[in-house]
Amino acid sequence: MNDTSKRRDFLKLGMAGLATAGVVAAAATVDAKKAAAQAAPDSLLRTVLDRGKLIVGTGSTNAPWHFENDAGELVGMDITMGRILAKGLFDDPTKVEFVMQDPAQRIPNVTTNKVDITIQFMTMTAQRSQLINFSRPYYVEGVALLTLPSAENKTFDKLLAAGSATRISILQNVDAETSVHYALPDAQVMQIDTQANVLQALESKRVDAAAVDLSTVRWLASRNPDKYFDAGKSWYSMLYGAALRQGDLDWLTYVNQTFTIAMFGHETALYDAAFKDYFGLEPPARHPGFPVI
């Protein structure tokens with residue numbers, strides 16, 4: 001057999017394999033409820049599938065995570081993660097009910113079964129993990145610097161070089177000074193009562209930069225490039241994960257696997273579109289081969 005024939009046979013086998021994979025995928029969709037029946041009798045995986053919709057606890061006032069757009073629709077990165085789960089469960093991202101809750105209700109509403117899951121820019125901590133299970137992280141938050149595009153010292157390197165002449169606004173808290181000085185050891189720190197006033201101090205040029213969440217920097221800089229600039233520095237990594245009731249391994253495993261597939265597998269369309277829309281960035285390329293998830 002010559003090389004051309006070998007290649008032809010190899011391609012035939014490859015196409016047959018792809019066709020078989022398609023049949024298997026279709027069968028898996030049809031038998032989703034049968035597969036769920038293998039879950040523990042009291043698992044939310046069974047409950048949610050039988051109910052026909054997912055119930056997600058979240059918020060509505062914090063862009064780019066959960067907020068109403070100009071059309072009055074609830075959107076944001078947290079909302080997308082809820083729709084990703086609904087698509088995995090029902091092959092329909094609209095089969096989800098979002099329950100508006102105060103941040104203080106994020107854990108109680110999960111533990112009392114008022115919601116199936118909380119997806120509300122929740123920082124994963126060891127203390128919270130004593131009360132609920134966290135999903136795998138779906139975003140790595142941090143502290144970053146927002147500056148003005150017209151400013152002479154708009155980049156991190158210039159802010160650092162200016163030393164004690166650099167002025168930074170930040171939301172008032174016990175770690176504010178330490179947080180800023182981690183990146184800018186000599187900077188003056190202006191602690192302010194609200195996030196809106198932290199930004200107003202920058203806009204009025206009372207400070208050279210505002211220290212806010214990385215996601216906020218990327219959201220504002222990408223949506224308003226004539227008004228805000230990303231100084232190019234972030235630090236203090238914090239993991240955002242969804243909150244689930246403890247003691248339900250089947251439900252936790254399902255959520256983790258669905259998130260992983262949406263972020264690193266073959267069904268990344270929803271996650272990628274949201275990441276670009278809300279943070280102004282293309283997601284990192286995923287390369288087949290050695291797993292980096």
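Here are some numbered notes on this predicted model, going from its sheets to a pocket and a couple of backbone oddities.

1. Start with the five-stranded sheet. Reading across, the order is β10-β9-β11-β8-β12, and the sheet is open, with mixed pairing. Which strands stand at the edges? They are β10 (188-192) and β12, and each has a single partner strand, so one side of each has no neighbour in the sheet. From one strand to the next, the twist averages 25°.

2. Now look at how β9 is held on its two sides. With β10, β9 pairs in the parallel sense, over five bridges. With β11, β9 also runs parallel, and three bridges join the two. Ser169 is a handy residue to click on: its bridge partner in β10 is Met190, and its bridge partner in β11 is Ala210. You can also find Arg167, whose bridge partner in β10 is Gln188.

3. How does the chain get from β9 to β10? It crosses through α7, and this β-α-β crossover is right-handed. Try tracing that path on screen, strand to helix to strand.

4. Next, the helices that pack on this sheet, beginning with α8. Helix α8 covers residues 195-203 and touches β8, β9, β10 and β11. The direction of α8 makes about 150° with that of β11.

5. Helix α9, residues 214-223, packs on the sheet too, and its contacts are with β8, β11 and β12. What angle does the direction of α9 make with that of β8? The answer is about 60°.

6. There's another sheet to find, made of three strands. This one is open as well, in the order β2-β3-β4, and its pairing is antiparallel. Here β2 (61-62) and β4 (74-75) are the edge strands; each has a single partner strand, so one side of each is left without a neighbour in the sheet. Between β3 (residues 66-68) and β4 there are two bridges, in the antiparallel sense. For a residue pair to look at, Glu68 stands opposite Leu74 in β4.

7. Don't skip the loop between β2 and β3, where Pro64 is found. The peptide bond joining Ala63 and Pro64 is cis, with omega about 5°. Why point this out? Because most peptide bonds are trans, and most residues other than glycine have a negative phi. The phi half of that rule brings us to Asn113, with a positive phi near 65°. Asn113 sits in the loop between α5 (108-111) and β6 (117-118).

8. Finally, the second largest pocket. It holds about 600 Å³ of space. How many residues line the second largest pocket? There are 22, and those nearest its centre are Thr123, Leu171, Asp213, Met238 and Tyr240. Several elements give two or more residues to this lining: β8 (139-147), β9 (167-171), α7 (176-183), β11 (209-213) and β12 (229-240). So what kinds of residue make up the lining? By type, the lining divides into 11 nonpolar, six polar and five charged residues.

9. One link to take away: β9 belongs to the five-stranded sheet, takes part in the crossover through α7, and gives residues to the lining of the second largest pocket. If you're unsure where to start looking, try β9.

Key: Residues numbered from 1 in each chain as written. Predicted model: local features only at pLDDT ≥ 70, side-chain atom pairs only at ≥ 80, totals over all residues. Heavy atoms only, no water. 1 Å grid on protein atoms, 1.4 Å probe; cavity = no way out; pocket = protein on both sides within 12 Å on 5 of 7 lines; lining within 4 Å. Points joined across faces, edges and corners; volume = space filled by probe spheres on them. Helix = DSSP H or I, 4+ residues; strand = E, 2+ residues; numbered from the N terminus. Pairing = 2+ DSSP bridges. Axes fitted to C-alpha atoms, helices over the stretch in contact; angles between N-to-C directions. Contact = heavy atoms within 4.5 Å. Right-handed = clockwise from strand over helix to strand, strands pointing away.
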